[in-house]
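Student: I would like to learn how to read the metal sites and the ligand pocket in a model of this kind. Could we take them one at a time?

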Amino acid sequence: QAKTQGGGRYAFFGVDLRERVQRHMVLEQDLRHAVQRDELWVAYQPVVDLRVDRTVAVEGLLRWSHPVHGTVSPAEFIPLAEESDLINPIGAHMLHTAAGQLADERERHELDLQLNANLSPRQLEDPDLLANVQQALADSGLPPHALCLEITENAIMQDPAAAARVLNGLRELGIGLAIDDFGTGYSSLAQLRQLPLDILKIDRTFVTDLAESEELEVIVNSIIAMAHAVGLEVVAEGIETPQQLAILRTLGCDQAQGYYLGKPTSIQELFPPNIPPHPEKTA
Ligand code: C2E
Ligand code: MG
Ligand code: MG
Ligand code: MG
């Protein structure tokens with residue numbers, strides 16, 4: 001965060017701005033072919049349920065292996081995709097890939113592991129969204145209850161009535177719904193209460209200084225209490241230290257995600273292919 005802000009100070013002048021505009025244009029152009037060229041892949045980060053100390057879900061996070069620029073962060077290319085109408089095909093591709101990979105591993109290891117996937121605001125407006133989600137489930141065999149879609153509060157607040165219709169449609173498919181990055185936008189739990197949500201994810205910015213700030217602890221405590229009061233489970237993001245995890249446990253946080261618990265990794269790293277399949281499955 002500090003780094004990008006530091007860079008921003010120079011970005012108004014000369015060479016750096018030109019470089020950034022150039023990179024923006026090149027990436028936006030190249031993104032058009034990224035799916036066909038198979039440059040997009042999904043990293044998976046474990047989500048640990050603190051009540052049973054077990055990984056119960058993984059969040060799928062898109063990665064772009066660019067032939068020249070190396071790994072490009074979704075924080076950089078998702079906004080480009082949103083600007084250029086590529087987000088819907090990329091989002092559909094992501095869901096299809098991740099559902100397929102998760103369904104395979106669930107079967108191979110007889111695991112009840114849930115897939116969490118992010119939806120961008122533009123995908124919420126896509127008339128084909130429901131059909132795409134249904135198709136990803138049908139093609140992969142992933143059961144609907146094993147899929148949870150994450151939506152940021154700002155995506156919902158752009159048009160709450162329209163968002164409610166889409167979320168209700170998704171809910172009817174039997175999938176779970178989470179509100180992502182809670183606390184960074186302008187929604188309130190009173191507004192979110194009207195929506196068919198299952199999970200509230202507390203943004204990482206609340207976790208970062210949790211061990212140094214009693215004030216933050218009070219805030220996070222009340223977010224958790226309010227979420228529980230309206231029937232939502234709470235996931236905290238961005239746990240990097242055992243101290244942060246310990247505090248979240250005492251505050252009654254249900255699930256946690258962060259580098260301390262596991263970094264996003266490829267499906268092959270998460271489930272090494274040399275692990276033999278479940279004995280009963282070999283015949
Ligand atoms: P997000 O959904 O809030 O995902 C969490 C981000 O925090 C991920 O960044 C993850 O790698 C990072 N993170 C996890 N644990 C820690 C930690 O302990 N410390 C720190 N500093 N960071 C942590 P990533 O993978 O770069 O993704 C950034 C954002 O890009 C995501 O934020 C999400 O909004 C978006 N994104 C990623 N994949 C997709 C996708 O398939 N579709 C859409 N629409 N957006 C995506
Ligand atoms: Mg997310
Ligand atoms: Mg998040
Ligand atoms: Mg976040």
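Tutor: Start with one ion, bearing in mind that this is a predicted model. The magnesium ion (ligand 4) has two protein donors, Asp181 (OD) and Glu237 (OE), lying 2.4 to 2.7 Å from it.

Student: Where in the chain do Asp181 and Glu237 lie?

Tutor: Asp181 is in strand β6 (residues 176–182), and Glu237 is in the loop between β8 (233–236) and α12 (242–250). The pair is 56 residues apart and links distant parts of the chain.

Student: Is Glu237 buried or exposed?

Tutor: Read the relative accessible area, where buried means under 20%. Glu237 has 12%, so Glu237 is buried. Asp181, at 24%, is partly exposed.

Student: Which residue coordinates both the magnesium ion (ligand 4) and the magnesium ion (ligand 3)?

Tutor: Asp181 does, and the two ions are 3.0 Å apart.

Student: What coordinates the magnesium ion (ligand 3)?

Tutor: Its donors are Asp180 (OD), Asp181 (OD) and two entries for Glu237 (OE), at 1.8 to 2.7 Å. Along the sequence, the donor residues of this ion are spaced D-D-x55-E.

Student: Which residue bridges the magnesium ion (ligand 3) and the magnesium ion (ligand 2)?

Tutor: That is Asp180, and these two ions lie 3.7 Å apart.

Student: Which donors does the magnesium ion (ligand 2) have?

Tutor: Glu59 (OE), Asn118 (OD1), Glu150 (OE) and Asp180 (OD) coordinate the magnesium ion (ligand 2) at 2.0 to 2.2 Å. The spacing of these donors along the chain is E-x58-N-x31-E-x29-D. Glu59 lies in strand β2 (residues 54–66) and Asp180 in strand β6, so the pair ties together parts that are 121 residues apart in sequence.

Student: What are the relative accessible areas of Glu59 and Asp180?

Tutor: Glu59 is buried, with a value of 4%. Asp180 is also buried, with a value of 6%.

Student: Now the pocket. How many residues surround ligand 1, and which are the closest?

Tutor: There are 23 residues around ligand 1, and the closest are Arg63, Asn118, Asp180, Glu240 and Tyr259. Asn118 and Asp180 are also among the donors of the magnesium ion (ligand 2).

Student: How far are the side chains of Asp180, Asp181 and Glu237 from an oxygen atom of ligand 1?

Tutor: Take the N or O atoms of each side chain in turn. For Asp180 the distance to an oxygen atom of ligand 1 is 2.9 Å. A polar side-chain atom of Asp181 lies 3.0 Å from an oxygen atom of ligand 1, and for Glu237 the corresponding distance is 3.3 Å. Ligand 1 has 810 Å² of accessible area on its own, and the protein covers 83% of it.

Student: Let us turn to a residue in a loop. Where does Ser84 lie, and is Ser84 buried or exposed?

Tutor: Ser84 is in the loop between α3 (74–83) and α4 (87–109). Its relative accessible area is 11%, so Ser84 is buried. Leaving out residues up to four places away in sequence, Ser84 touches Glu28 and Arg32.

Student: What confidence does the predictor give the chain and the complex?

Tutor: The mean pLDDT of the chain is 92, and 92% of its residues reach 70 or more. Over residues 1–7 the pLDDT is below 50, and this stretch has two contacts in the model beyond near neighbours in sequence. For the complex, the predictor gives an ipTM of 0.97 and a pTM of 0.92.

Technical notes
Residues are numbered from 1 along each chain as its sequence is written. Chains are lettered from A and ligands numbered from 1 in the order in which they are written. This is a predicted model: local features need pLDDT of at least 70, side-chain atom pairs count only at pLDDT 80 or more; totals for chains, interfaces and linings use all residues. Side-chain values use heavy atoms; hydrogens and water are left out. Helices (H or I, at least four residues) and strands (E, at least two) are DSSP runs, numbered from the N terminus. Buried means under 20% relative accessible area, exposed over 50%, partly exposed in between (1.4 Å probe, protein chains only). Contact means heavy atoms within 4.5 Å. Donors are N, O and S atoms within 2.8 Å of the metal (3.2 Å for Na, K and Ca); water is not among the atoms, so sites may look incomplete. A residue is near a molecule or strand if one of its heavy atoms lies within 4 Å of it. A polar contact is a pair of N or O atoms within 3.5 Å; within protein, one must be able to donate a hydrogen and the other to accept it, and residues adjacent in sequence count only if both atoms are side-chain atoms. Accessible areas come from the Shrake-Rupley method with a 1.4 Å probe; for residues, only the protein chains shown count as cover. pLDDT is the predictor's confidence in each residue, from 0 to 100.
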